[in-house]
Amino acid sequence: MPKKRLNTRAAVALAHPGNPALADSQIYVTLADRPELNGRYTVFGRVTSGEEVLPRLERGDLIRRVYVKE
């Protein structure tokens with residue numbers, strides 16, 4: 001069974017407007033543990049470097065560059 005990814009601090013996930021089939025390019029990074037989001041949105045990764053930036057992020061900030069590593 002695959003390991004379940006949770007909305008813990010520094011999780012990277014895909015948002016949707018209420019219907020998972022409508023998920024698109026809305027990506028969020030959790031700034032704190034958010035257990036109420038578990039099972040509602042798909043967590044596909046976590047911040048592995050640059051975590052010191054997280055406390056400075058605010059709603060609406062533009063993230064210009066993201067690298068995804070497997």
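Guide: In what follows, contact means that heavy atoms lie within 4.5 Å. This is a predicted model, in which local features need pLDDT of at least 70 and side-chain atom pairs count only at pLDDT 80 or more, while totals for chains, interfaces and linings use all residues. Residues are numbered from 1 along each chain as its sequence is written, and side-chain values use heavy atoms, with hydrogens and water left out.

Visitor: What pattern does the chain follow, read along the sequence?
Guide: Helices (H or I, at least four residues) and strands (E, at least two) are DSSP runs, numbered from the N terminus. By that count the chain holds zero helices and three strands. Along the sequence, the pattern is β-β-β.

Visitor: How many bridges join β1 to β3?
Guide: Two strands count as paired if DSSP finds at least two bridges between them. Strand β1 covers residues 11–14 and strand β3 residues 42–46, and these two run antiparallel. One residue of the pairing is V12, whose bridge partner in β3 is G45. The number of bridges joining β1 to β3 is four.

Visitor: Which residue in β2 is the bridge partner of L14?
Guide: Strand β2 takes in residues 27–29 and pairs with β1 over three bridges, in the antiparallel sense. Within β2, the bridge partner of L14 is I27.

Visitor: What is the radius of gyration of the chain?
Guide: The radius is taken over C-alpha atoms, and the globule rule is 2.2 Å times the number of residues to the power 0.38. For 70 residues the rule gives 11 Å, and the chain comes close to this, so it is as compact as a globular protein of that length. The C-alpha trace spans about 30 × 25 × 25 Å along its principal axes. The radius of gyration itself is 12 Å.

Visitor: Is N7 buried or exposed?
Guide: Buried means under 20% relative accessible area, exposed over 50% and partly exposed in between, with a 1.4 Å probe and protein chains only. N7 sits in the segment before β1. Leaving aside neighbours within four places in sequence, N7 is in contact with residues including A13, Y28, A32, L37 and V43. Because its relative accessibility is 2%, N7 counts as buried.

Visitor: How far apart are the C-alpha atoms of L37 and N7?
Guide: L37 lies in the loop between β2 and β3 and is buried, with a relative accessible area of 12%. Beyond its neighbours within four places in sequence, L37 is in contact with N7 and Y28. L37 and N7 are 30 residues apart along the chain, and their C-alpha atoms are separated by 6.4 Å.

Visitor: What is the relative accessibility of A32?
Guide: A32 is found in the loop between β2 and β3. Outside its neighbours within four places in sequence, A32 is in contact with N7, T8 and R9. A32 counts as partly exposed because its relative accessibility is 38%.

Visitor: Which residue has a positive phi although it is not a glycine?
Guide: Most residues other than glycine have a negative phi. The residue in question lies in the segment before β1 and counts as buried at 0% relative accessibility. With a phi of about 80 degrees, the residue is A10.

Visitor: What share of the 70 residues in the chain is buried?
Guide: Among contacts with a separation of 6 or more, 57% are between residues 24 or more positions apart. The share of buried residues is 20%.
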